[in-house]
Structure formats: C-alpha cells, structure tokens
Amino acid sequence: MRTITTTDELASFCQDAAKRHYVTVDTEFLRERTYYSKLCLIQLAYRDENGEDAVLVDPLVDDLSLAPLYDLFRDEGCVKVFHAARQDLEIFFVDAGVIPAPLFDTQVAAMVCGFGEQAGYETLVRKIAKADLDKSSRFTDWSRRPLTDAQAKYALADVTHLRDIYEYLSARLQKTGRSKWVAEEMAVLNDPETYRVDPDEAWRRVKTRTNSGKFLAIVRELARFREAYAQERNVPRNRVFKDDALIELASTKPQNEKDLGRSRLLLREARRGDIAEGILKSIKAGLSVAPDDMPKIANARTKLQVNPALADMLRVLLKAKTDEFDVAPKLIAAAADLDALAAGERDVQALKGWRKEVFGNDALRLCDGEVGLAVKGQKVVTVSL
C-alpha cells in the first residue's frame, strides 16, 4: 500500500494515469464540525493491459499540492470513475473550481443496469467483483495520523474493486446501448450550480406548514443570514441555529435580545453577539418586505388537482416499464412526478431525454386516453383505445 506525500510523487502517478482509459477515484473526509468538507484522503487506481496501480494520497501533508490531480481531472482523454460522486465532486469544486471530465458514476450506471435504487458500493462489490468488504473502518477519524493498516486497506478497496465494477458496467452499457442514458444523468453532476449554495435560495430547504408570504419572507431572511454566516465561518448551519428554531423565530418575531431569551429552541450561543444581531436584523428585514416581493412556493404539489385513478395507473405503467427495461423506478420518476402528471403537469423529468422514450411517451398517451393497461400473462402491457 503506497501513500503519496509529495507533489512530485503525485505528478508522476497522474502522468501515468493520464495514459490509461480510466482512473478510479474516491475520498475520505470529515464534515461534522465544518460547513465545507475537510478532505482527509484521496484514493486513486487504474488498470490496463500494461498493468495496474493503486495509491493513497495524503492531502494533509504540508506543501503537497493537488495541482497534478486537477490537471488529470481536466484531461478529457481519461475517464474519471467515482461511486456516488456528489460529495466527492463538491470537495474538488469548492477547493479548485474543478469538475472531473469525462465523468462516470457507477451508482447511476448500476441503476440504469438494473441493480436497484441507490445501489450501494458494497452490493456492487459483492455482485460484480465477487468480494466482501471490511467496513469496520468506515466511521473512523480520517484526519488522525498515522492511518492504521485497516484504514488504508479499507480506503484502497474503495477504488480497487471499483475498477472491476466500472469495466463490467461500461461493457453492459455498450451492449445494451444505454451509455447515452448515463451520459444524460451526468449533466447534473457536471453542472457547477450543483455545488454552489446560494444563501438567497436557502429558504427553499426549510420545511414549513404554511404558504403565507409574510411568514415566508421572514423565513427567507433568517435562512439567508444563517447560510451566509455558516459559509463565512465554515461552521455547520445547524450550529448557528436549527430549522425548528428558525420556524419558531419566524412565528414569534422577537424584537430584541430579551425576546430571544424566551425562545425554547434557540441555542444559548445564538441569543447574543453576532448571531443574535443577525437574527434581529433578518426579522426586521422580513417584516418590511413589500407584498409583491414576498416569496411564493411555485406549483405547490399539495394543491394539485390529482386524478387518483390516473395516478394509480401511472404507477402500474411505471412498474411495467421498469420491469421491461430493468431500470430502477426512482431513476425514471418519483411519486410526486406521477402525481403531477395525473394533475396535468408536463414539466417533469419523466418527460425528458431517455426517460421519455422509456416511459414518458406512453405515460402521456395514458393521460390522454389513447391507451389503456391490460394484463398479458405475467406482464402489464399498453393497449390502444
């Protein structure tokens, strides 16, 4: 097990990797005490007819530059393979504004290839690589040095078995003609906006029980302050104040620190100082928002006039299509999307790209009364009306 601790070593490995068709990548990080993930370890591996190699890269070593790795990420002649890449990619984007390309996510590919919804790495290792993983080091502190042999072995397994998984899934996609499906799914991961958190939009993640514009205006201002404060100081947003405290503040509308002291849910540290000042300013700003500028929850699904019988038929059609194509149902359409279709909505993912070919076209025909559903043997099929 080789650990890279110098920039020259990393450059040498990345130069070799760039000559290969693909390189597998994984990271270990911590995020419990920070807003942004703290990168603690990088794992890299490749294989071709000329041999194979796998290394650990220690980003916590002083003077180690990740520039050679980022050059490899920009090299479009080498596919960068991840499993469940979202968090890994966010780390690299925040650090250097880099998104690896071309990109291949084996979790997405596995869903396209019939391995179920959110196929876990351990499952794919067992089914494809025919191996077992020792997960005992999964929740260890990756920032502590030196790493134990068990930690190093666990970390390397996340990229060595990934070679077998990628080669199998890539070949299967080529055989079934579904490579373009995965390519479409990579669009979200390739979009820089996926990794940017705009404080102005943070309020949309807060779950409320009201659509009142006045209430949501205060929620928006509180969420904006919390997100900006957490980003600036690199602390988890819940360490500033939690969602339940935010909702309480939007309801009670405290006007001064004495009022804040009566809060049941606000952390003690948030009742004074910079956080308290920010809360009070946010509430004041929310209360002064003009009616035309108040936030609105667009197309609230709770208000859709859903045809329940049609929604049930769409669920049956989805099951039939996912059985026919051996694709995870969730990858094609969420339950909320089916309800939206049954209510007449047409701006849903199920009607775009490859999903439309597999499911969307027949779903529209079903909604328009052009086809019905029938049982034929063990299968559900569409019949023209």
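**A tour of domains, salt bridges and helix 15**

Begin with domain 2 and domain 3, whose C-alpha centres lie 41 Å apart. The model is predicted. To place these parts, colour the chain by its division into domain 1 (2-195), domain 2 (199-293) and domain 3 (308-384).

Next, display the charged side chains; the whole structure contains 32 salt bridges. Select Arg47 together with Asp164: the two form a salt bridge whose closest N and O atoms are 2.9 Å apart. This pair joins distant parts of the chain, with Asp164 in helix 6 (residues 149-176) and Arg47 in strand 3 (residues 38-48), 117 residues apart. Asp164 counts as partly exposed because its relative accessibility is 27%.

Keep Arg47 selected and add Glu52, a salt-bridge partner of Arg47 with closest N and O atoms 3.1 Å apart. Glu52 is partly exposed, at 49% relative accessibility. Extend the selection to Arg163 and Glu167, which belong with Arg47, Glu52 and Asp164 to a network of salt bridges.

Move now to Glu227 and Arg237, a salt bridge with closest N and O atoms 2.7 Å apart. Here Glu227 lies in helix 8 (residues 213-233) and Arg237 in helix 9 (residues 237-240), 10 residues apart. Glu227 is buried, with a relative accessible area of 1%, whereas Arg237 is partly exposed at 26%.

Finally, select helix 15 (residues 335-342), where Asp337, Leu338, Ala340, Leu341 and Ala342 are buried. Show helix 13 (308-325) and helix 16 (353-367) as well, since both are among the elements that cover these buried residues. Just after helix 15, centre on Gly344, which takes a positive phi of about 100°.

Technical notes
Residues numbered from 1 in each chain as written. Predicted model: local features only at pLDDT ≥ 70, side-chain atom pairs only at ≥ 80, totals over all residues. Heavy atoms only, no water. Buried < 20%, exposed > 50% of the residue type's maximum accessible area, 1.4 Å probe, protein only. Helix = DSSP H or I, 4+ residues; strand = E, 2+ residues; numbered from the N terminus. Contact = heavy atoms within 4.5 Å. Domains from an automatic or database assignment. Salt bridge = Lys/Arg side-chain N within 4 Å of Asp/Glu carboxyl O.
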